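Visitor: I would like to be taken through this structure one step at a time. Where should we begin?

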Amino acid sequence: MPDGHGRPADDRHRQPGVPPWFGGGTKTSKWKINDPATGKGYESAVAYAIAKRLGYGRSQVKWIFVPFNKSFAPGAKAFDFDINQISITPARAKVVAFSRSYYDVNQAIVVNKRTKIAAVRSIKGLARYKLGAQLGTTSYAFIKDRIKPSQQPAVFNSNAAAVLSLKNKQIDGLVVDLPTAFFVTAVQVPNGKILGQFENRGKTTDRFGVVLAKGNPLTACVNRAVTALRANGTLKNLQRTWLAKATGAPILK
């Protein structure tokens with residue numbers, strides 16, 4: 001049956017099972033923040049919705065922990081499918097199978113309140129500031145391709161390091177996906193604010209897909225399930241329920 005996981009402490013989030021993707025608290029010490037088996041949080045809810053379309057009940061879904069980078073590495077998988085904010089990219093698609101997108105993501109920028117950058121209202125206005133993102137992410141590519149800052153962006157091996165740099169004002173702004181931006185400002189950087197979000201367009205469009213092993217015949221079934229959940233409004237309703245705050249950040253142009 002489909003398996004899922006949370007990210008390890010040294011990947012994009014500090015601990016597995018972070019909101020708004022997973023919620024409801026912990027049931028065991030295995031999950032340090034939120035046990036995905038609660039069904040609360042956007043990705044947990046989507047996983048159970050996919051499982052239901054495939055004919056599986058909640059009790060048949062088993063959640064396991066897999067390090068983020070291993071989820072899209074070549075080779076055999078310990079899971080049937082992985083749902084954990086994994087962006088669909090051409091490089092990753094060479095070695096794993098992706099489902100159709102279950103969430104189309106906007107990038108966003110987080111800054112410290114009462115700083116000069118906090119008054120910026122356009123993409124052009126960001127160009128003179130020191131920006132940062134986690135190495136190898138679509139957020140870093142967005143900085144280079146769309147913002148095109150005059151200073152070389154700062155890169156970090158983990159999102160935790162990037163957040164700490166923002167908190168210590170070593171960078172002016174941190175680019176992350178929009179739901180992560182809400183977590184950063186709510187939990188990690190008390191003085192932080194979401195300056196705005198950026199419209200998806202062109203090659204920097206970020207989409208989250210369910211990951212399966214290359215050649216897994218379950219891929220077609222998951223694709224049909226995701227397509228049906230999008231068509232019947234389930235995905236939109238789950239986004240309203242679990243990602244509602246993501247509609248509140250202004251769009252920077």
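**Helix, sheet and rings**

Guide: Thr138 is a residue of helix α5. Keep in mind throughout that this is a predicted model.

Visitor: Which residues does Thr138 touch, not counting residues up to four places away in sequence?

Guide: Thr138 belongs to α5, and the contacts asked about leave out residues up to four places away in sequence. On that basis, Thr138 touches Ser87, Thr89, Gln107 and Asp206.

Visitor: How far apart in space are Thr138 and Val176, C-alpha to C-alpha?

Guide: In sequence, Thr138 and Val176 are 38 residues apart. In space, the C-alpha to C-alpha distance between Thr138 and Val176 is 8.4 Å.

Visitor: Why is α5 described as largely enclosed by the rest of the structure?

Guide: A residue counts as buried under 20% relative accessible area. The buried residues of α5 are Thr138, Ser139, Tyr140, Phe142, Ile143, Arg146 and Ile147. Helix α5 is largely enclosed because its buried residues number seven of the 10.

Visitor: At about what angle does α5 run to β3?

Guide: Helix α5 covers residues 138–147 and lies across β2, β3, β4, β5 and β6. Just after the helix comes Lys148, with a positive phi near 50°. The angle of α5 to β3 is about 145°.

Visitor: Which strands stand at the edges of the sheet?

Guide: The open sheet has five strands in the order β4-β3-β5-β2-β6, with mixed pairing. A strand at the edge has a single partner strand, so one of its sides is left without a neighbour in the sheet. The edge strands are β4 (154–156) and β6 (192–198).

Visitor: How much does the twist average from one strand to the next?

Guide: The strands in question follow the order β4-β3-β5-β2-β6. From one strand to the next, the twist averages 30°.

Visitor: Which residue in β5 does Gly132 stand opposite?

Guide: Strand β3 (residues 131–134) pairs with strand β5 (residues 173–177) over two bridges, in the parallel sense. Opposite Gly132 in β5 stands Leu174.

Visitor: Which elements do the buried residues of α6 pack against?

Guide: Helix α6 spans residues 159–167, and its buried residues are Asn159, Ala160, Ala162, Val163, Ser165 and Leu166. Just after α6, Lys169 has a positive phi of about 60°. The buried residues of α6 pack against β2, β3, β4, β5 and α7 (178–188).

Visitor: Is Asp177 buried or exposed?

Guide: Asp177 lies in strand β5, and its side chain makes a polar contact of 2.8 Å with that of Thr180. The cut-off for buried is under 20% relative accessible area. At 0% relative accessibility, Asp177 is buried.

Visitor: Asn106 is in contact with Asp177. Which residue's side chain is joined to that of Asn106 by a polar contact of 2.7 Å?

Guide: Asn106 lies in the loop between β1 (96–105) and β2 (107–112), and is buried at a relative accessible area of 17%. Beyond four places in sequence, Asn106 is in contact with Asp177, Leu178, Gln197, Phe198, Glu199 and Asn200. The side chain that makes the 2.7 Å polar contact belongs to Gln197.

Visitor: How many aromatic pairs does a search of the whole structure find? And why does the pair of Phe22 and Trp63 count as edge-to-face?

Guide: The search finds 11 aromatic pairs. The ring centres of Phe22 and Trp63 lie 5.9 Å apart. Planes over 60 degrees apart count as edge-to-face. Phe22 and Trp63 are edge-to-face because the angle between their planes is 90°.

Visitor: How many residues apart are Phe22 and Trp63?

Guide: Phe22 is in the segment before α1 (42–53), and Trp63 is in the loop between α1 and α2 (68–71). Phe22 is buried at 2% relative accessible area, and Trp63 is buried at 8%. Phe22 and Trp63 link distant parts of the chain, and their separation in residues is 41.

Visitor: Which strands does the pair of Tyr102 and Phe208 tie together?

Guide: The aromatic pair of Tyr102 and Phe208 is tilted, with 6.4 Å centre to centre and 50° between the planes. Both Tyr102 and Phe208 are buried. The parts tied together are 106 residues apart in sequence, and they are strands β1 and β7 (residues 206–213).

Terms used. Residues numbered from 1 in each chain as written. Predicted model: local features only at pLDDT ≥ 70, side-chain atom pairs only at ≥ 80, totals over all residues. Heavy atoms only, no water. Helix = DSSP H or I, 4+ residues; strand = E, 2+ residues; numbered from the N terminus. Buried < 20%, exposed > 50% of the residue type's maximum accessible area, 1.4 Å probe, protein only. Polar contact = N/O pair within 3.5 Å; in protein donor to acceptor, adjacent residues only side chain to side chain. Contact = heavy atoms within 4.5 Å. Phe/Tyr/Trp six-rings, centres within 6.5 Å; stacked < 30°, edge-to-face > 60°. Pairing = 2+ DSSP bridges. Axes fitted to C-alpha atoms, helices over the stretch in contact; angles between N-to-C directions.
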